[in-house]
Amino acid sequence: MKNSFFYISGLFFCLLAPALTAQKDINEMKTKYPGYSELILLESQSYDFSLQNKKPSIIQDNYFESIILSENGIRNNAENVSFSQLVPLKSYEGFTAVKINGKEKKIPVKELTDMAESSGGIFHSDVKSKKLLFTNLDVGAKKIYSYQSEFLDPYLLHKFVFSGSIPVEESVLEISVDKDIEIGYKIFNNLADDIQFTHSSKRKKNIYRWTRKNGKPEKYESNHPGLLHIAPHIIVYIKSYKLDDTSVPVLGNVGNLYSYYKNFVSSINKKEDAELAETTKKITQNLSSDEEKIKAIFYWVKDHIKYVAFEYGYEGFIPREASLVYQRKFGDCKDMSSIITTMARYAGIRDVNLCWIGTRRLPYTYDEVATPGVDDHMIVSIDLGGKTIFLDATDTETAYGLPTGFIQGKEALIQRGDTFSIVKVPVVSPESNLQHEHIMLHTHQNTIFGDATLKMYGLSRSNLMHSLGDDAREKRFNKIKDILLKGNNKFKLMEYKEENLRERDLPYEVKYKFTLENFMVTTGKQSFISLALVKPFEKNMIEKNRESKYDFENLTQYKYTIELKIPEGKTASNLPQNLIESNDLLDIRISYAIKDKSVLLEMDIKNKKLMLEKEDFDKWNESIKKLKTKYQETIILAVKT
């Protein structure tokens, strides 16, 4: 497992490390966990919540103990201890435990230089880690370390995850809480119901303890929605504390969370920046409607402010002044939101608001748990014509009116002065993400010649533009060839021409010519050919033993018109039957016809659910099986007799 600094959930543990776990027979562990090179024997976090100087004090202690099961495990000889400005490291220790002449010896770790951590594309972060190097590792040796941290802000407790990439014999979360402090917690993904909970009291403390034993590792699977969607984990937070017989609220409802967030934005952008105001005027001066103006501002920010992620103390929460963002010409999601709302105000546009939101890697709603752990992103919203439009400038390619793909279906917490609202971001329809291709084919001997046009709309377009980037010449040619690939590895892209590269509101379009050798099989006077040169969802069969949900990046509609000119002196026969299939997961329409001396194949296929649950798998696979069968069917071109 190894809870990363960002996935750990808050609690506290004594640096006086617990006694080493009893030595078990190494062969017994290898049998129990076949194929694994390392086993975590115990991973614990313990928090002590107390009141110090009339405010909550939070100390977290961590303990980790693993055993090497095979030669491969020896290579994993380093562990990282993370810390930051808001969660400073107070103390740490670590050692390798080995048996020498029947006695256990502790060999202290070597500490390497502190390193800045980079995670999730973060450009500048104050999160650092101490790298602990374990020496003298061998099969049967143990890696043991512990450290103590302090949480300077009671709102920013982390998650505790009970599983990860390797097996865990026992994982423990314990919280010792002053009786004047009330906590709340929420457990997610405890599908096996194997997290044991106890609650006890000792002197002036309430003690909460969660234990999970024999935790199997999380399995990596394609189209995985993210660890937090499947791994058992817990979020703990402080609801309130008593101070002089008065209850002081902390978290527990969305109102409290909004009050915390509002403190970060209430004092920014109070002073007008004349230069930014003048730039705003130039951008919007010939535009009449609010929608035209906000669209122009939105695109200007995308084009002129470079996205750079920051995580540095409270700078990870507080948007920078719009004037500073304008001067620097770079910023993170909060900074981009800050400059958009400020420019909108300069342009006299009403109802433009900051929004806090969690990306799709976070599975939470505000109703389930209202803590900062629900959110990891900031965007802007505007109310126009009775609907809310979301603006996320961190993606340079997404068109106005569409949310970025990674916030589809998520709840946005919208700032509305002293109050707020929660609005769900829409999932972009498959029709809006259309991939439309028209292919004209003719044959010569066993070679197919094609002349085609592909158009990509919506999020399909923006995803493609990101993958192409600014590559040019041979590198771009090869990327486009991979995108346009048809039939088999004999596909040759002869030429192509791109259009609407910089026009976000128009589909990306590429016109191209290709050849495909040895795709047609000829025996005697008959040639067999499959017109299904493109096969949407062919590789999306779901394995029977799949454990996680199946996540699609976007919903997509695929429309293909493939016309094969019937060669002179030949006839076309054996046209496959049409297929019409519709359910709540997929719509499929495939038809064949002969028209104007050509065989016409029309395909219209779209997926309708962004994330498939386990109960959807059988229905999905049944539809995909029908699709794959249809893709394998051929027509016959025969010499006229």
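A residue counts as buried here when its relative accessible area is under 20%. Y558, at 16% relative accessibility, therefore falls on the buried side of that cut-off. Keep in mind that this is a predicted model. Below is a quick tour of its nonpolar cores, its ring pairs, one open sheet and a tyrosine in a strand.

**Nonpolar cores**

- The largest nonpolar core has 53 residues, and the ones that touch the most other members are L441, L531, F537, I590, I605 and W620.
- Take L441: beyond residues up to four places away in sequence, L441 touches I448, F449, G450, F514, L531, L533, I562, E563, L564 and K565.
- Apart from that core there's another one, made of 50 residues, including L157, F160, I181 and I195.
- As a bit of background, nonpolar side chains in soluble globular proteins tend to be buried together.

**Aromatic pairs**

- There are 30 aromatic pairs in the structure.
- F134 and Y145 make a tilted pair, because their planes sit at 50°, with ring centres 6.3 Å apart.
- F134 belongs to the loop between β9 (128-133) and β10 (142-151), while Y145 is in strand β10, so this pair ties together parts that are eleven residues apart in sequence.
- Both partners are tucked away: F134 counts as buried at 2% relative accessibility, and Y145 counts as buried at 7%.
- Y558 and Y560 are a stacked pair, since their planes are at 10°; the ring centres are 6.5 Å apart.
- Y560 is buried too, with a relative accessible area of 6%, and its partner Y558 is buried at 16%.
- Ring pairs also join Y155, Y258, Y260, Y261, F264, W356 and F420 into a cluster.

**Charges over rings**

- F134 turns up again here: the charged end of K143 sits over the F134 ring, 5.9 Å from its centre.
- K329 does something similar with Y326, its charged end sitting over the ring at 4.0 Å from the centre.

**A five-stranded open sheet**

- Five strands form an open sheet in the order β23-β22-β21-β24-β25, and the pairing is antiparallel.
- β23 (387-391) and β25 (419-424) are the edge strands, each pairing on one side only.
- On average, neighbouring strands in this sheet are turned by 35° against each other, ignoring direction.
- β24 (residues 411-416) pairs with β25 in the antiparallel sense over six bridges.
- For a handle on the register, E411 has K424 in β25 as its bridge partner.
- Helix α3 (residues 254-265) packs on the sheet and touches β21 (352-357), β24 and β25.
- The direction of α3 makes about 60° with that of β24.

**Y208 and its surroundings**

- Y208 is in strand β15 (residues 205-215), and with a relative accessible area of 14% this tyrosine is buried.
- Y208 and I175 are 33 residues apart in sequence, yet their C-alpha atoms are 5.1 Å apart in space.
- Leaving out neighbours within four places in sequence, Y208 is in contact with L173, E174, I175, V177, I183, F197, T198 and H199.

Terms used: Residues are numbered from 1 along each chain as its sequence is written. This is a predicted model: local features need pLDDT of at least 70, side-chain atom pairs count only at pLDDT 80 or more; totals for chains, interfaces and linings use all residues. Side-chain values use heavy atoms; hydrogens and water are left out. A nonpolar core is a set of buried Ala, Val, Leu, Ile, Met, Phe, Trp, Tyr and Cys residues joined through side-chain atoms within 4.5 Å. Buried means under 20% relative accessible area, exposed over 50%, partly exposed in between (1.4 Å probe, protein chains only). Contact means heavy atoms within 4.5 Å. Rings of Phe, Tyr and Trp (its six-membered ring) pair if their centres lie within 6.5 Å; planes under 30 degrees apart count as stacked, over 60 as edge-to-face and the rest as tilted. Helices (H or I, at least four residues) and strands (E, at least two) are DSSP runs, numbered from the N terminus. A charge sits over a ring if NZ of Lys or CZ of Arg is within 6 Å of the ring centre and within 35 degrees of the ring normal. Two strands pair if DSSP finds at least two bridges between them. Axes are lines fitted to C-alpha atoms, for helices over the stretch in contact, and angles run from 0 to 180 degrees between N-to-C directions.
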